[in-house]
Amino acid sequence: MQLVTHSGKFHADDVFATAVLFARFGKDTCTVTRSRDPDVLAAGDIVYDVGMVYDPVIARFDHHQAGGAVTRENGIPYAAFGLIWKHYGRELCSSDAVWQTLDEQLVCRVDATDTGYASPASYTVPTLEHYTLDKLANAFNTTWSESYDEQFEHFTELVDFAMRVIEREIKRAEASVAGRATVEDVYQSAVDKRIIELDCGYPWREVLVAHPEPCFVIFPEIDTTRFMVQAVHQTLTGYETRVPFPKAWGGLTDVALSEVTGIPGSRFCHSAGFLAVHDTREGARALALKALQLAGR
């Protein structure tokens, strides 16, 4: 089974989607390729979180195209995890009720975060909340239907995992402190503080949201020579941006996006209007400047 998801930075939705497919088909029978190469995508048996197509008939499960994929009755859009769970998760569960419960308790939370479904305070589903580490720990506790003799085994299993998490969080914290200092220095020295240009993907949100001018931040993708242009958020926790990309750009790629923007080399604009990609740093800046112009900024 050839599984294909996107290269570059991974997120909870593609990680959990992969886990579902491993569980469904057997890890030993699956090969995962992380790529954006059209030829690689075409050769995949199941392609998810990449490809700009949602069509379960041909096993394509992306949600980044214009209009997204589909939306649940409760208003939460599907991300890759949800789409894979929708079509393959049922066979992992003993009943529809179990499958639905998992969608509500875990899958929805990952999808809501990945698709920018507002903030917890505005959720239309009152019970929707983040899947916390406390909930993760509770998942490792024995249930009423299991023997308590298994509890210590579960505990040590989770401790090993927690040690790895702490190790990674320390490394991330160290990088975050250094990265935020770099972003602050770049902001202070920027001539046009509406557009902040970075030489890599430093943790910028906390720094730039604290200043009134920044509307866009530009930095190189980690796995290609292209450049990302991301709209700066209004707050640290919300998804609303100061200046979103024009709605007419959302979900477009390559030639179609280059034509509507008038900027050749434009590669992608997220349907939610918070992210665009260009072949060059100069082109990325041109996208940001045009978005500002169209917004009257």
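Cys269 stands opposite Ala276, a residue of strand β10. The model shown here is predicted. Strand β10 covers residues 275-278, and 3 bridges join it to β9. The two strands run antiparallel.

This pair belongs to an open sheet of 5 strands. Read across, the order is β6-β7-β8-β10-β9, and the pairing is mixed. Which strands lie at the edges? They are β6, residues 195-197, and β9, residues 266-269. Each of these pairs on one side only. From one strand to the next, the twist averages 20°. Strands of a sheet pair through backbone hydrogen bonds, and the pairing can be parallel or antiparallel.

Now turn to the other sheet. Here 5 strands form an open sheet in the order β2-β1-β3-β5-β4. Its pairing is mixed. The edge strands are β2 and β4, the latter spanning 54-55, and each pairs on one side only.

Start with β1, residues 2-5. It runs parallel to β2, residues 31-34, and 4 bridges join the two. Gln2 has Thr31 of β2 as its bridge partner. How does the chain get from β1 to β2, and through what helix? The path goes through α1, residues 12-25, and this β-α-β crossover is right-handed.

Strand β1 also pairs with β3, residues 46-48. That pairing is parallel too, over 2 bridges. Within it, Val4 stands opposite Val47 of β3.

At the far end of the listed order, β4 meets β5. Strand β5 holds residues 60-61, and 2 bridges join it to β4. These strands run antiparallel. Asp55 has Arg60 in β5 as its bridge partner. Helix α1 packs on this sheet and touches β1, β2 and β3. The direction of α1 makes about 160° with that of β3.

Last comes a pair of helices. Two packed helices are described by the angle between their axes and the distance between the axes. Helix α3 spans residues 80-89, and helix α4 spans residues 96-114. They pack at an angle of about 160°, with their axes 9 Å apart. Therefore α3 is roughly antiparallel to α4. Their crossing is right-handed.

What does each helix bring to the contact? From α3 come Phe81, Gly82, Trp85, Lys86 and Gly89. They meet Trp99, Leu102, Asp103, Leu106, Val107, Val110 and Asp111 in α4. The residues of this contact divide into 7 nonpolar, 2 polar and 3 charged.

Key. Residues numbered from 1 in each chain as written. Predicted model: local features only at pLDDT ≥ 70, side-chain atom pairs only at ≥ 80, totals over all residues. Heavy atoms only, no water. Pairing = 2+ DSSP bridges. Helix = DSSP H or I, 4+ residues; strand = E, 2+ residues; numbered from the N terminus. Axes fitted to C-alpha atoms, helices over the stretch in contact; angles between N-to-C directions. Parallel < 35°, antiparallel > 145°, perpendicular 65-115°, else oblique. Left-handed = near helix turned anticlockwise from the far one by under 90°. Contact = heavy atoms within 4.5 Å. Nonpolar A, V, L, I, M, F, W, Y, C, P; charged D, E, K, R; others polar. Right-handed = clockwise from strand over helix to strand, strands pointing away.
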